[in-house]
Number of protein chains: 2
Amino acid sequence: MNKKRQLLIDTALTLFYAKGINHTGINEVLSVSGVAKNTLYNHFESKEALIIATLEQRHTLFIEWLTSKLEGADSDQQVITQLFTALAQWFTHCDPILGDFRGCFFINSSAEFSDQGGQISLFCKQHKQQCRDLIGQSLTNKDASLLDAICLMKEGAISTAYVSGDVTIAKKCITLLNITAKNIN
Amino acid sequence: MNKKRQLLIDTALTLFYAKGINHTGINEVLSVSGVAKNTLYNHFESKEALIIATLEQRHTLFIEWLTSKLEGADSDQQVITQLFTALAQWFTHCDPILGDFRGCFFINSSAEFSDQGGQISLFCKQHKQQCRDLIGQSLTNKDASLLDAICLMKEGAISTAYVSGDVTIAKKCITLLNITAKNIN
DNA sequence: AAAAAAAAGGACAGACTTGTCCTATTTAGA
DNA sequence: TCTAAATAGGACAAGTCTGTCCTTTTTTTT
């Protein structure tokens with residue numbers, strides 16, 4: 001049965017993202033999901049294995065979300081607009097796919113586990129790289145500078161929205177990046 | 001004696017920043033500092049009180065560092081150059097004041113404690129606001145847009161340097177922000 | 001030098017954590 | 001229907017954590 005496995009991943013991801021991984025015990029995942037401890041350890045070798053599975057789940061979800069949001073953009077200006085409009089929706093808790101905004105799950109997880117070079121940090125790094133690649137493919141300007149600017153602003157916006165609580169920042173990025181895009185060559 | 005109190009804060013800050021707050025127990029702070037548990041709880045009501053004290057310590061240190069790095073800049077272009085050159089030094093572990101780079105202590109702490117509206121999250125938010133104010137005071141262009149761009153890039157650079165391990169990103173910000181600065185009006 | 005405050009050094013409680021093991025029950029496949 | 005796998009439901013071990021309490025020693029102040 002993969003149903004129990006999936007239920008555990010879904011429950012763990014929700015709790016990990018909402019409360020932080022270290023503040024969520026295995027027992028809480030079990031009581032919320034209604035699954036027995038025996039079953040969890042049949043599917044996952046350890047808590048870390050469950051963490052990795054939640055990272056993979058969130059990664060798949062986020063890439064799907066990002067892909068759909070970038071779809072149909074046929075100019076760099078449109079890529080910028082669509083991307084940061086989508087981020088604004090996420091920040092204001094108006095996105096049904098990504099759920100209640102509590103920052104970036106991967107940035108948060110990297111912060112919780114400062115095991116540099118470890119499995120968790122490595123996964124977060126790869127996630128960011130794939131997001132960058134995806135945005136890069138949507139751009140017609142293949143100069144790396146514009147992509148740099150967009151990704152920097154994206155990371156900055158996520159961090160600012162979460163730490164400073166400024167959810168209006170995503171919209172400002174659109175104006176700023178359009179200035180950059182027009183003058184980068 | 002404030003010496004013991006300060007020693008506890010220094011030791012805790014070093015460990016908290018290096019390993020994360022949740023992965024650093026009180027007992028480790030005690031054994032590394034050589035202070036007795038009794039003494040710690042005479043100076044601090046709880047672990048959370050010690051955490052707040054380390055945040056205050058780091059805040060003071062960071063503001064001093066930022067102030068010194070922005071000193072003498074008499075153009076916006078120079079503010080940008082000096083700020084991101086300083087960040088580059090920090091990222092490459094070449095800064096003796098801020099110590100080994102492990103991301104932003106405040107972003108990390110916010111990620112660890114998703115107690116939105118809680119004491120820790122609030123302090124992190126205020127720290128970011130004060131950094132913004134300090135940079136804003138150094139700028140001659142009092143339009144908020146340039147300040148927005150600089151702060152967004154700064155947050156993005158810190159996050160990218162830590163999660164993606166790209167320490168070259170700070171230098172790229174200088175070029176990008178100079179484009180923004182020239183075309184923002 | 002005497003009195004008071006601070007710190008050391010442990011022991012310990014209580015709660016929490018992950019992970020193992022056992023038996024009974026339910027579910028799925030042959 | 002019969003068999004085998006999966007799950008439930010606990011008990012439990014071994015470790016962690018924060019925080020309290022005690023006595024003894026050191027340091028500071030009067």
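**Exercise 1. Find out how many residues chain A and chain B bring to their shared interface, and how much area is buried there.**

Start with the contacts: 38 residues of chain A touch 38 residues of chain B. Keep in mind that you're looking at a predicted model.

Next, turn to area. The size of an interface is often given as the accessible area lost when the parts come together. Here, about 3,400 Å² is buried between chain A and chain B, and carbon and sulfur atoms supply 62% of that.

Last, pick out the main players on one side. In chain A, the residues that lose the most area to chain B are A:Leu152, A:Tyr162 and A:Val163. Together they make up 18% of what that side buries.

**Exercise 2. Decide whether B:Cys173 is buried or exposed, and work out what it touches.**

Find the residue to begin with: B:Cys173 sits in helix 9 of chain B, which runs over residues 169-183.

Now check its accessibility. The cut-off for buried is under 20% relative accessible area. B:Cys173 has 0% relative accessibility, so it counts as buried.

Then look at the neighbours. Leaving out residues up to four places away in sequence, B:Cys173 is in contact with B:Phe84, B:Met153 and B:Ala157, plus A:Leu152 from chain A. You've met A:Leu152 already, among the residues of chain A that lose the most area to chain B.

One more distance to try: B:Thr85 is 88 residues away from B:Cys173 along the chain, yet their C-alpha atoms are 9.5 Å apart.

**Exercise 3. Compare the span of helix 7 of chain A with the expected one, then list its buried residues and what covers them.**

Take the span to start. Helix 7 of chain A covers residues 119-138, 20 residues in total. From first C-alpha to last it reaches 29 Å, close to the 28 Å expected at 1.5 Å a residue.

Go on to the buried residues. They are A:Ile120, A:Ser121, A:Phe123, A:Cys124, A:His127, A:Lys128, A:Cys131, A:Leu134, A:Ile135 and A:Gly136. While you scan that list, a general point helps: an α-helix has 3.6 residues a turn, so residues three or four places apart point the same way.

Finally, the cover. It includes helix 4 (47-70), helix 5 (76-91), helix 6 (105-112) and helix 8 (144-163) of chain A, and also helix 8 (144-163) of chain B.

**Exercise 4. Describe the protein surface around DNA strand C.**

Count the residues: 18 surround the strand, and the closest are A:Ile26, A:Lys37, A:Asn38, A:Lys47 and B:Asn38. By class, that surface has six nonpolar, nine polar and three charged residues.

See which part of the DNA is involved. Among strand C atoms within 4 Å of the protein, 58% belong to sugar or phosphate, and the rest to bases.

Zoom in on phosphate oxygens of strand C. A polar side-chain atom of A:Tyr41 is 3.0 Å from one, a backbone N or O atom of A:Lys47 is 2.7 Å from one, and a side-chain N or O atom of B:Lys4 is 2.9 Å from one. As for elements, helix 2 (26-33) and helix 3 (37-43) of chain A and helix 3 (37-43) of chain B each give two or more residues to this surface.

**Exercise 5. Do the same for DNA strand D.**

There are 19 residues around strand D, with A:Asn38, B:Ile26, B:Lys37, B:Asn38 and B:Lys47 nearest. A backbone N or O atom of B:Ile26 lies 2.6 Å from a phosphate oxygen of strand D. Helix 3 of chain A gives the most to this surface, with four residues.

Conventions:
Residues are numbered from 1 along each chain as its sequence is written. Chains are lettered from A and ligands numbered from 1 in the order in which they are written. This is a predicted model: local features need pLDDT of at least 70, side-chain atom pairs count only at pLDDT 80 or more; totals for chains, interfaces and linings use all residues. Side-chain values use heavy atoms; hydrogens and water are left out. Buried means under 20% relative accessible area, exposed over 50%, partly exposed in between (1.4 Å probe, protein chains only). Contact means heavy atoms within 4.5 Å. A residue is near a molecule or strand if one of its heavy atoms lies within 4 Å of it. A polar contact is a pair of N or O atoms within 3.5 Å; within protein, one must be able to donate a hydrogen and the other to accept it, and residues adjacent in sequence count only if both atoms are side-chain atoms. Ala, Val, Leu, Ile, Met, Phe, Trp, Tyr, Cys and Pro count as nonpolar, Asp, Glu, Lys and Arg as charged, and the others, Gly among them, as polar. The expected span of a helix is 1.5 Å times one less than its number of residues. Buried area is the accessible area (1.4 Å probe) that two parts lose on being put together, summed over both.
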